[in-house]
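Notebook open, coffee poured. I want to go through this structure and jot down what I look up as I go.

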Amino acid sequence: MVRLRRLEGICALRWEIHDIEGDEAVERLAERTSPLTAATGSRSIYHELKFVQSGALEPSPRLKVCLLTDGRAVSGLAFFRDEPAELAFGIGPVTIGRLAIRRFALNVSPLFSRELTPAQCEAHAAALADTVCAGLPRGSVVMLRSLELSSPVTRYVTGEIRPHAKRSFWAVRHGRRHRHYRIALPGSFDDYLRRLTKSNRRDVRKTLRRFDAAVTGRWQVRCYTTADEVPSFHDQAAGIAQKSWQSTELGLGMNDRPGIARAFERIARLGWFRSYILFANDVPVAFQVGFVHQGVYYLKVTGFDPAYAKLHVGVVLLLEILRDLIAGGVAPGGVDFGTGENLLKARLSNQSTQEAYYYLFPRTARGAALGAALGAANGLSALGGKIVSRWRGGEVAGTPGNKDLGAEPVPLEAR
């Protein structure tokens with residue numbers, strides 16, 4: 001079904017909202033959006049419909065594909081993932097209640113044509129938020145998942161732009177603001193190291209030396225890029241993941257994702273798959289799933305053999321990936337760490353933007369009650385976090401002050 005909303009006083013552009021599931025209409029919609037993504041350089045791999053729908057990150061989703069169009073050309077694009085979820089109400093680490101909901105998640109800011117002015121982009125972003133929220137099925141909410149605070153959608157939701165506009169939703173920030181870390185890659189790996197702080201540079205070199213000495217120099221990193229190489233990569237990565245704490249404690253192993261190897265093959269045929277495995281004495285000990293698109297390398301699922309944890313093999317692999325990307329000129333646009341903060345990202349990155357999560361509740365009595373309850377729980381959680389931080393002397397896991405560079409990256413499949 002297609003729903004249209006006319007934008008008052010702003011040319012003849014309208015938002016079309018298409019509900020699709022599986023591979024239905026993917027080719028047709030991808031063809032319609034390709035001129036827009038090509039003209040803008042497709043700022044993110046998440047603006048590629050074939051990637052979002054591939055199942056490479058999560059099982060192939062149901063989507064609301066939103067096109068800003070005059071009936072012919074597409075001037076704006078956004079995807080909302082239609083997913084079952086739970087709204088958790090907690091105080092600090094204690095969850096006091098859960099409510100099953102249907103969630104429409106926006107994982108990346110809308111993409112707009114360069115022909116639109118900033119004011120027009122702001123107006124169209126506002127219309128998108130109102131259109132989607134006004135048409136929500138009963139019991140549903142919208143989530144803005146880690147969008148930049150500077151994006152037009154976030155600025156409209158928070159009232160920074162169009163502050164007196166009547167919105168079709170109540171907005172509640174979920175959790176604290178956080179940093180999204182990236183790395184701008186210089187001309188050589190040595191140049192990259194020189195841009196780190198003196199202490200971080202020393203720790204990086206120490207980590208590499210300790211690992212090399214422990215395995216007596218018998219190690220290598222292999223890169224996998226083609227569809228023919230995917231089965232080999234998947235089998236070895238799955239073997240590592242089964243040993244990791246993600247699998248044993250969280251049940252999040254590679255084998256728990258039916259069809260993931262097939263999804264990786266689809267991405268490889270599009271030229272976007274680029275993943276790595278670290279071998280020590282011919283044994284695979286760490287892996288990194290990643291994708292390269294428009295000159296940007298996206299770090300995704302990672303895992304390591306806990307028997308090698310003290311050697312910080314996840315850090316070793318990441319450093320070797322950076323060395324490979326720089327040497328091959330593969331990622332002139334840099335490296336994207338993805339959502340989630342940790343100390344390793346903070347110390348190895350040289351760029352960041354501030355982001356936040358927001359829930360948008362429909363303007364109903366039920367929506368108002370849920371928004372108020374979530375806001376109150378978030379406030380109590382924040383207060384509890386401050387108390388814990390002071391009790392621990394200001395040093396909590398994942399914040400500056402912890403000097404262990406060897407801390408392993410937080411696994412992104414858990415997000």
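My entries below cover salt bridges, surface patches, cysteines and backbone angles.

**Entry 1: what I am looking at**

I keep in mind that this is a predicted model.

**Entry 2: salt bridges**

I started with charge pairs, since side chains of opposite charge can pair when their charged atoms come close. How many salt bridges does a search of the whole structure find? I get 22.

I looked up R145 and E83 and found their side chains meeting in a salt bridge, at 2.6 Å from N to O. R145 sits in strand β7 (residues 140-148) and E83 in strand β4, so this pair ties together parts that are 62 residues apart in sequence. Are these two buried or exposed? R145 counts as buried at 16% relative accessibility, and E83 counts as buried too, at 9%.

Next I checked R176, which forms a salt bridge with E341; their closest N and O atoms are 2.7 Å apart. This pair links distant parts of the chain, 165 residues apart: R176 is in strand β8 (residues 169-183), and E341 is in the loop between β13 (334-336) and α11 (343-348). I noted R176 as exposed, with a relative accessible area of 54%. E341 is partly exposed, at 25%.

Then I went to D324 and R274, whose side chains meet in a salt bridge at 2.9 Å, N to O. D324 lies in helix α10 (residues 313-328) and R274 in the loop between α9 (260-269) and β10 (275-280), so the pair ties together parts 50 residues apart in sequence. D324 counts as partly exposed at 27% relative accessibility, while R274 is buried at 14%.

One more thing from this search: R81, E83, R103 and R145 are joined into one network by salt bridges that share partners.

**Entry 3: surface patches**

I looked for charge on the surface and found a positive patch where K198, R202, R205, K206, R209 and R210 gather. I picked R209 for a closer look and placed it in helix α6 (residues 198-214). R209 counts as exposed, at 54% relative accessibility.

Which residues form a nonpolar patch on the surface? I91, V94, I96 and L380 do, with about 350 Å² of accessible area together. I traced I91 to strand β4 (residues 74-91), and its relative accessible area of 36% makes it partly exposed.

**Entry 4: cysteines**

A disulfide is a covalent bond between the sulfur atoms of two cysteines. I searched for them here and the structure holds zero. I still looked up two cysteines: C133 is buried, with a relative accessible area of 4%, and C223 is partly exposed, at 23%.

**Entry 5: backbone angles**

Most residues other than glycine have a negative phi, so I went after residues that break the habit.

D282 is not a glycine, yet I read a positive phi of about 70 degrees for it. I found D282 in the loop between β10 and β11 (283-293), where it is exposed at 60% relative accessible area.

H312 is not a glycine either, and its phi is positive at about 55 degrees. Where is H312? I place it in the loop between β12 (296-304) and α10. H312 is buried, with a relative accessible area of 14%.

Note on methods
Residues are numbered from 1 along each chain as its sequence is written. This is a predicted model: local features need pLDDT of at least 70, side-chain atom pairs count only at pLDDT 80 or more; totals for chains, interfaces and linings use all residues. Side-chain values use heavy atoms; hydrogens and water are left out. Patches are made of residues with over 30% relative accessible area and no salt bridge: like charges are joined within 9 Å, nonpolar side chains (Val, Leu, Ile, Met, Phe, Trp, Tyr) within 5 Å. Accessible areas come from the Shrake-Rupley method with a 1.4 Å probe; for residues, only the protein chains shown count as cover. A salt bridge is a side-chain nitrogen of Lys or Arg within 4 Å of a carboxyl oxygen of Asp or Glu. Lys and Arg count as positive and Asp and Glu as negative; His and the chain ends are not counted. The place of a charge is taken as NZ of Lys, CZ of Arg, CG of Asp or CD of Glu. Helices (H or I, at least four residues) and strands (E, at least two) are DSSP runs, numbered from the N terminus. Buried means under 20% relative accessible area, exposed over 50%, partly exposed in between (1.4 Å probe, protein chains only). A disulfide is a pair of cysteine sulfur atoms within 2.5 Å.
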